[in-house]
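Visitor: I should like to learn how to read the features of a protein model. May we work through one together?

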Amino acid sequence: MKTRTTLLLLLLAVGLGIWIKFFESKKPGTVEARREAGKVVNFDRDKLEGIAIQNGDDRIELRRQNGKWRLTAPVKDQADGAVVDNLISDIENWRKEGTIPAKEVAAEKGRMNEFGLVQSKLRLRLIEPDAPPEIWLGKDAAFEGKMYVRFANSKEVYLAAQTVRDDIVKKADDFRDRKLTDLTTAQVRRAIL
């Protein structure tokens, strides 16, 4: 009887160890979960395949190809890696400054229109396997440097910094790489004019 109980407890302990190793260890810790909950959007930078920006009638699409960013719409060209990396960093660090629950927004008719989020002209979509829904950017809030934001599939509205909006209201030319070549000065041995 003792051997059977000991084996049963041993199997239970091994099963619990396997559960923790493969399932629980991949979940974010309390501090990390709280940090991620405070962000407007959570995504994996390494899995990001592209970014689509809709600014009124203008559509800009950036795609990662062979480790480099390319502008694929409205024209095809090399994208400025520093500008794209700055945009991605701003999206990664974009924090919720406040939340207006969907029930509160639904209770007051016209509130979504007041926020500029009924049919937003400025939209951002991340292209990746586990991408969040399209992000709609609305009007400026009464607080300096803040604006209203929501996901296309949600009625919940967030108050967030304007940094991402400032990054995406640019024209397609602002995302283009201005260099004629990827050569560095160390690679040049001589120049003939």
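Visitor: Let us start with a single residue: is R111 buried or exposed?

Guide: Please keep in mind throughout that this is a predicted model. A residue counts as buried when its relative accessible area is under 20%. R111 has a relative accessible area of 15%, so it is buried. This residue lies in helix α5, which covers residues 111-114.

Visitor: Which residues does R111 touch, leaving aside those up to four places away in sequence?

Guide: R111 touches I100, E104 and V105. With E104, R111 also forms a salt bridge.

Visitor: How should I understand a salt bridge in general?

Guide: Side chains of opposite charge can pair when their charged atoms come close. In the case of R111 and E104, the closest N and O atoms are 3.6 Å apart. E104 is partly exposed, with a relative accessible area of 39%.

Visitor: How many salt bridges are counted in the model?

Guide: The count comes to 11 salt bridges. One of the pairs is K171 with D58, where the closest N and O atoms are 3.3 Å apart. This pair links distant parts of the chain: K171 belongs to the segment after α6 (163-168), D58 belongs to strand β2, and 113 residues separate them. D58 is partly exposed, at a relative accessible area of 38%.

Visitor: What separation is found between the closest N and O atoms of D173 and R176?

Guide: In that salt bridge the closest N and O atoms are 3.0 Å apart. D173 is partly exposed at 42% relative accessibility, and R176 is partly exposed with a relative accessible area of 25%. Salt bridges may also be joined into a network, as they are for R45, D85 and E92.

Visitor: Let us turn to the sheet. What general idea should I hold in mind?

Guide: Strands of a sheet pair through backbone hydrogen bonds, either parallel or antiparallel. This model has an open sheet of 9 strands with antiparallel pairing, in the order β4-β3-β2-β1-β6-β7-β8-β9-β5. Its edge strands are β4 (77-78) and β5 (96-100), each of which pairs on one side only.

Visitor: With which strands does β1 pair?

Guide: Strand β1 (residues 50-55) pairs with strand β6 (residues 122-127) in the antiparallel sense over 6 bridges. Within that pairing, G50 stands opposite I127. Strand β1 also pairs with strand β2 (residues 58-65), again antiparallel and over 6 bridges. There, Q54 has R59 as its bridge partner.

Visitor: How many residues lie between the strands in the hairpin of β1 and β2?

Guide: That hairpin has 2 residues between its strands, and G56 takes a positive phi near 70°. Strand β2 goes on to pair with strand β3 (residues 68-73), in the antiparallel sense over 5 bridges. In this second pairing Q65 stands opposite K68. Strands β2 and β3 also form a hairpin with 2 residues between them.

Visitor: What should a reader look for in the backbone angles?

Guide: Most residues other than glycine have a negative phi, and most peptide bonds are trans. N66, in the loop between β2 and β3, has a positive phi of about 55° although it is not a glycine. N66 is exposed, with a relative accessible area of 83%.

Visitor: Which residues are joined by a cis peptide bond?

Guide: A cis peptide bond joins A73 and P74, with omega at about 5°. P74 lies in the loop between β3 and β4.

Visitor: Finally, how does the length of helix α1 compare with what is expected?

Guide: At 1.5 Å a residue, the 21 residues of α1 should span 30 Å, and the end C-alpha atoms are 30 Å apart, which agrees. The number of buried residues in α1 is 0, so this helix lies largely in the open.

Visitor: Which residues make the nonpolar surface patch of about 480 Å²?

Guide: The patch is made by L7, L10, V14, I18 and F22. Among them, V14 is found in helix α1 (residues 2-22). V14 is partly exposed, with a relative accessible area of 43%.

Definitions and conventions. Residues numbered from 1 in each chain as written. Predicted model: local features only at pLDDT ≥ 70, side-chain atom pairs only at ≥ 80, totals over all residues. Heavy atoms only, no water. Patch = residues over 30% accessible without salt bridge, like charges linked within 9 Å, V, L, I, M, F, W, Y side chains within 5 Å. Areas by Shrake-Rupley, 256 points an atom, 1.4 Å probe, with all protein chains shown as cover. Salt bridge = Lys/Arg side-chain N within 4 Å of Asp/Glu carboxyl O. Helix = DSSP H or I, 4+ residues; strand = E, 2+ residues; numbered from the N terminus. Buried < 20%, exposed > 50% of the residue type's maximum accessible area, 1.4 Å probe, protein only. Pairing = 2+ DSSP bridges. Contact = heavy atoms within 4.5 Å. Expected span 1.5 Å × (residues − 1).
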